[in-house]
Amino acid sequence: MQRTPAPQSQEGRLFALQQERDRLERNRQLGVGGYDRPGFTDQFTAPINDELAWLAGYGSQGVGNIARNLTGRPVEVSALDRARAMREISNEGQDQFVEDYPVQAFTGGVLGGAALAPARGAAIPGLIGRLGTEAGLGAAYGAAEGDSLSDRLSGAGFGAGVGLALGGAAEVAAPYIGRLVNRVRGRGGSQAVEALDVLTPSGELVADAAPDYRVQSSQDLAPTDTPESLRAQGYEIDPETNTWARTVGVEAPSAYAAPAVVSRDLAGDILAEAARKGPKLSYSDFRAENDGRLGTMFDYSRLNEVPDVPQVPLDRYVPARGTSPRMRDALSNPVVEEGLNATVARGLESGVPWYNIEPLRQRAESLGVGPDQFGRFTDIIAATSPRAKVPDNIRTASYYNYMQETGQPIAGNAPAGYGSIAGNLHRDNVLELQRNGGWNVFKNPKPASFSQNFQGNQYVATIDTHNQRMPGILSRDPRFLETSIAELVRPGTSRDQVAANLLASYPNMRPEHLDDFLRNVDSDKPRVTFRPQQWVNEGSISMDEAVRDPGLWSSKPNENEYGAYEAWQRDQAEKMGLSTAQYQASMWTGGAAETGMASPPEPFLRTIESRVLYTAERMGLDPEMVLDRFLKGSIPLLSVGGAGLLVMGADGQPEEVGGLNMNALGDGSYEAGPTALTGPDYQYQGTALNPL
């Protein structure tokens with residue numbers, strides 16, 4: 001039986017990644033290119049560039065580590081971790097080149113394949129030939145580094161030894177290459193059953209494969225073995241490893257490819273599964289098939305209650321001259337007060353329980369997760385909420401919480417499966433939290449309140465887009481209209497069609513306003529500019545038309561408005577027997593039709609439960625174990641596949657994307673837009689409009 005290779009260090013790989021990216025950035029500032037940004041000629045060898053980077057990293061770090069050991073210096077990164085990091089960066093660069101220059105990538109690959117085919121056919125066959133080639137190349141390299149004859153001879157000897165060692169290592173590793181490929185792709189690799197540590201669905205570590213997992217047993221050829229005897233025992237040639245292997249155990253019951261074995265490094269397995277390409281069980285499919293399973297992991301019966309934790313205010317900016325005239329006028333208007341309270345009454349059923357995740361907090365407390373650690377987790381939820389679907393928000397927060405609680409450095413982009421159109425913002429928000437130890441309540445009152453609400457403090461209000469729009473819509477005050485909204489235009493849409501779309505919604509548009517609207521429609525990044533406040537004030541659109549179009553209205557309170565609007569909502573909430581957070585969330589869900597949200601959301605706790613169940617389903621694990629490790633921060637949750645409508649807006653609050661009315665307000669956030677320019681088959685990603 002072949003031995004199973006030892007698992008590698010995730011921390012070492014991440015440290016090496018950070019070092020490599022810093023080095024490449026320094027070189028770029030000096031005008032030196034790097035392997036992370038390949039060009040056309042690099043496409044000739046594209047299939048092996050990542051392996052060349054792997055070898056370069058392994059060789060350079062290995063030689064450096066030998067020198068460090070000889071001189072008594074500490075070894076920070078293993079050669080294999082450096083190699084893995086450089087291969088990952090090389091793959092990222094190649095993927096980006098293919099995305100940016102698909103024609104050049106294809107052409108270079110064809111030319112390179114044609115040129116290298118004869119060389120591959122002339123390779124020296126056999127083990128001795130391969131090892132001799134490695135030793136010869138090493139000797140030539142070592143000799144070239146010397147000045148005198150003695151230096152060249154000793155260098156050749158040393159180089160031959162290094163080449164032979166690398167060649168031997170490659171031969172030893174060769175049988176495992178197929179396993180690693182299969183592992184990433186979620187298939188059963190050739191594993192030695194005796195050496196296999198398996199994590200069963202109940203969380204028990206055993207030294208053999210559990211029957212619910214796909215594994216393979218490999219066999220070294222013995223003198224008495226023949227192809228006929230091996231086939232009689234159920235063995236076949238594994239094309240990935242060129243070894244005899246047979247499948248044991250029962251295949252995981254799923255229509256989608258799933259991880260074959262879950263090792264003791266559960267976090268690493270989840271990250272590998274998130275990055276795996278190929279068919280996966282999408283989150284939307286999972287929800288459609290398993291909605292009946294939800295509601296069993298927590299007690300949902302008391303979510304309408306205010307959690308038994310201190311209900312305290314947060315510091316707010318107090319303007320010397322009071323709140324803005326528009327907010328003061330709206331909040332003193334009886335029509336607005338009556339309308340807001342009626343909206344809240346409509347949304348009580350779904351709004352009152354939305355923020356209450358007290359059962360989750362209590363579960364965390366039972367596991368030894370204290371208030372500070374749980375608070376860090378809810379801070380990260382707030383940090384990763386901008387422009388994210390609610391399930392994606394939970395998924396991304398779980399990754400950064402895992403990185404934080406396991407002490408791993410946060411650098412560069414999130415790994416495959418955890419990215420986002422606002423990925424840089426999410427990362428920077430988390431880093432800011434780490435630097436400052438929490439939110440600046442004056443600079444960022446919204447996320448600070450969002451986090452507090454999830455910790456059970458419902459005395460404060462998270463003033464979201466819909467909460468902010470309602471006073472303006474009810475008061476019909478044009479001062480609450482946005483002054484400027486930038487919207488990208490669907491590629492291929494003519495100038496005349498863009499104008500026709502606008503006039504279909506607003507037939508009385510003045511010519512000068514239409515010209516201003518179309519000013520940048522023929523630029524490299526075609527876009528249009530809405531000026532709702534000016535248009536209403538100057539008669540291009542009526543107030544009735546503006547009220548019917550929620551995307552035209554202000555989505556964020558001014559600095560001098562937040563505290564006053566929160567205090568007003570708290571006063572109204574007390575009259576209705578609600579907490580401030582319950583009042584705000586009920587206004588959000590009750591005003592869905594007026595503010596552009598298509599349907600009320602489920603409680604946040606229910607979405608967390610569904611994310612845990614989805615991860616457990618994909619990984620073949622016990623959901624209770626997944627929940628506990630997620631709460632401790634020792635694992636992330638799996639990425640989400642498939643489409644979804646509920647998203648977080650630019651301000652970090654949930655909102656719905658209407659099928660035809662979808663625009664970005666100039667910063668990539670998803671909102672119910674004023675026109676149908678984007679259409680149902682496109683969505684904004686950053687500043688680009690991409691097909692769904």
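Student: What makes helix 26 count as mostly covered?

Tutor: Happy to start there. In this predicted model, 14 of the 16 residues of helix 26 are buried. Buried means under 20% relative accessible area, so each of those 14 residues falls under that cut-off.

Student: How do you know that the span of helix 26 is close to the expected one?

Tutor: Helix 26 covers residues 604-619 and reaches 23 Å from its first C-alpha to its last, against an expected 22 Å at 1.5 Å a residue. Just after helix 26 comes G620, with a positive phi near 70°.

Student: And helix 11, what makes its reach close to the expected one?

Tutor: Helix 11, residues 334-346, has 13 residues and reaches 18 Å, where 18 Å is expected. At its start, a side-chain oxygen of N333 comes to within 2.9 Å of the backbone nitrogen of V335.

Student: Why is that pair at the start of helix 11, from N333 to V335, called a polar contact?

Tutor: A polar contact is a pair of N or O atoms within 3.5 Å, one able to donate a hydrogen and the other to accept it. Here an oxygen and a nitrogen lie within 2.9 Å, so the pair from N333 and V335 meets the distance cut-off.

Student: Which residues of helix 11 are buried, and what do they pack against?

Tutor: The buried ones are V336, G339, L340, N341, T343 and V344. They pack against helix 10 (325-331), helix 12 (348-351), helix 18 (465-475), helix 23 (562-575) and helix 24 (580-590). As background, an α-helix has 3.6 residues a turn, so residues three or four places apart point the same way.

Student: Why is L552 called buried?

Tutor: Its relative accessibility is 0%, and the cut-off is under 20%, so L552 counts as buried. L552 sits in the loop between helix 22 (543-547) and helix 23. Its C-alpha is 9.0 Å from that of F480, 72 residues away along the chain.

Student: Why does E358 count as buried?

Tutor: E358 has 11% relative accessibility, which is under 20%, so E358 counts as buried. E358 is in helix 13 (residues 358-366) and touches P307 and V309, leaving aside residues up to four places away in sequence.

Student: How do you know that F374 is buried?

Tutor: The relative accessible area of F374 is 4%, under the 20% limit, so the label fits. F374 belongs to helix 14 (residues 371-383). Leaving out residues up to four places away in sequence, F374 touches I357, L360, R361, A364, V369, F454 and Q455. F374 and Q455 are 81 residues apart in sequence, yet their C-alpha atoms are 7.7 Å apart.

Student: What makes up the lining of the largest cavity?

Tutor: F374 appears there too: the lining is R361, A364, E365, V369, G370, P371 and F374. Helix 13 and helix 14 are the elements giving two or more residues each, and helix 13 has the largest share, 3 residues. The cavity holds about 50 Å³ of space, and the structure has 2 cavities of 30 Å³ or more.

Student: How do the residues of that lining divide into nonpolar, polar and charged?

Tutor: There are 4 nonpolar, 1 polar and 2 charged residues. Arg and Glu count as charged, so R361 and E365 are the charged pair, while Gly counts as polar, so G370 is the polar one.

Student: How much of the whole chain is buried?

Tutor: Buried residues make up 48% of the 692 residues, in a chain with 27 helices and 14 strands.

Notes
Residues are numbered from 1 along each chain as its sequence is written. This is a predicted model: local features need pLDDT of at least 70, side-chain atom pairs count only at pLDDT 80 or more; totals for chains, interfaces and linings use all residues. Side-chain values use heavy atoms; hydrogens and water are left out. Helices (H or I, at least four residues) and strands (E, at least two) are DSSP runs, numbered from the N terminus. Buried means under 20% relative accessible area, exposed over 50%, partly exposed in between (1.4 Å probe, protein chains only). Contact means heavy atoms within 4.5 Å. On a 1 Å grid over the protein atoms alone, a cavity is a set of points where a 1.4 Å probe fits but cannot get out, and a pocket is an open set with protein on both sides within 12 Å along at least five of seven lines; lining residues have an atom within 4 Å of a point. Grid points are joined across faces, edges and corners, and a volume is the space filled by probe spheres set on the points. The expected span of a helix is 1.5 Å times one less than its number of residues.
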